[in-house]
Amino acid sequence: MRRISLRSSSTRISISNGKTLHGAQQLRPRWKRCVSLVDEQLGEALGQEFVRRAFSPDMKKSTLEMTQYIEAAMRQDIQQLSWMSPETKKHALEKLDTIVNKIGYPNKWRDYSSVQVKPDDFLGNEIRATVFESKRQLAKIGKPVDRDEWGMTPPTVNAYYNPQMNDINFPAGVLEPPLYDPKMDDAPNYGNTGSTIGHELTHGFDDQGRQFDAKGNLKDWWTDKDAQEFNKRAECVVNQYGQYVTVDDLKINSKLTEGEDVADLGGTILAYAAWKAATKNEQLHDIQGFTPDQRFFIGLAQWACENRRPEDLRVRTLTDPHSPGKYRINGVVVNMPEFQEAFSCKAGQPMVKENRCRVW
Ligand SMILES: [Zn+2]
């Protein structure tokens, strides 16, 4: 469900585990492990301060507006889909209309006042915070679902769609430079953050999301025919990604990554359409020698900048439902004529694909 896959930041991973499975050469610096621990145990207290310093009301406003443009693009996309039946479209639009956008931070902050934190008692702090969290979880039993609750803390650099809540969640941490940069123009921001928003949005309507209705109840609202048509198109993506080599002789297990690969492609198509709609009355011009369209795709590519060791790639190939960053970009843009046009790619060149895939 999550788009930006970070290596587990758990402070509990031992050094030998990280070394053998992920190729880690050394333990992370102490301060990083401490920040991770505080984020894990008192995340919304840390988040409150993070938001105060780094996520201005203007940033909340502009990223919410971007989300609304992406949703409008999705609405148009659903209406125009040739393969979805009118009956299913009706349910899809209903679901789209009820999605809750959670941007930046929760409306109500978690109250940690019952957790005693002592500067000289590391073990005690850890135990007290763990007990607090257990109690908080157990207290939910028998109570109505708290729809304001967040599954990630505000400083987290990640995002998710939750089918049981029918909400998309973008913590402030993922809406910060170098991903979303309020000082930059719309093109790279839509390419980067816009495609993340689009990615999460499509999850509400894919092979998993469609099993839940607008209220988040387990209820498939697709006809068999629609599901068949969806699968037929997704199959194109599965065949494409199954040919990519991740490390040594290992190829992507594209049955495992199918949902994420389809979301990456759909999310980018939606972000591109939304960007065009958001800027339709503006005179866009070249910046630093790149056209607006080129800047959109450069922004897209930059969200996936990463460098992984072979050990890590190997584990991920077997377990991670996301493809490696390189293919989450290259695999998407070869399916977009807009990309080929932006960079004047010619037939027969590596970034041109003969039979393009398209689901959304
Ligand atoms: Zn995802």
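**View 1. The kink in helix α2 of the predicted model.** In this predicted model, helix α2 bends by about 110° in a kink that is centred on Leu42. The helix runs over residues 30-54 and so counts 25 residues, yet the C-alpha atoms at its ends are only 23 Å apart, whereas a straight helix would reach 36 Å at 1.5 Å a residue.

**View 2. Buried residues of helix α2 and their cover.** Leu42, on which the kink is centred, is itself one of the buried residues of α2. The others in this helix are Ser36, Leu37, Asp39, Gln41, Gly43, Glu44, Gly47 and Val51, and what covers the buried residues of α2 includes helix α5, which spans residues 122-138.

**View 3. The protein donors of the zinc ion.** The zinc ion has as its protein donors the NE2 atom of His199, the NE2 atom of His203 and an OE atom of Glu260, which lie 2.0 to 2.1 Å from the ion. Along the chain these donors follow the spacing H-x3-H-x56-E.

**View 4. The two histidine donors in helix α6.** His199 and His203 are separated by about one helical turn, because they stand four residues apart in helix α6, which covers residues 186-203. His199 is buried, with a relative accessible area of 0%, and His203 also counts as buried, at 2% relative accessibility.

**View 5. The disulfide between Cys236 and Cys357.** A search of the whole structure finds one disulfide, and this is formed by Cys236 and Cys357, whose sulfur atoms are 2.0 Å apart. The torsion about their S-S bond is about -80°, so the disulfide is left-handed. Because Cys236 belongs to helix α7 (residues 224-241) while Cys357 belongs to the segment after α12 (337-342), the pair ties together parts that are 121 residues apart in sequence. As to accessibility, Cys236 counts as partly exposed at 25%, whereas Cys357 counts as buried at 2%.

**View 6. Cys345, a cysteine that is in no disulfide.** For Cys357, the buried partner in the disulfide, the relative accessibility is 2%. Cys345 is in no disulfide, and the nearest cysteine sulfur to it, that of Cys357, is 17 Å away; a disulfide would need the two sulfur atoms to lie within 2.5 Å. Cys345 counts as partly exposed, with 22% relative accessibility, and Cys34 likewise counts as partly exposed, with 37%.

Key
Residues are numbered from 1 along each chain as its sequence is written. This is a predicted model: local features need pLDDT of at least 70, side-chain atom pairs count only at pLDDT 80 or more; totals for chains, interfaces and linings use all residues. Side-chain values use heavy atoms; hydrogens and water are left out. Donors are N, O and S atoms within 2.8 Å of the metal (3.2 Å for Na, K and Ca); water is not among the atoms, so sites may look incomplete. Buried means under 20% relative accessible area, exposed over 50%, partly exposed in between (1.4 Å probe, protein chains only). The expected span of a helix is 1.5 Å times one less than its number of residues. The bend at a residue is the angle between axes fitted to the seven residues ending there and the seven starting there. Contact means heavy atoms within 4.5 Å.
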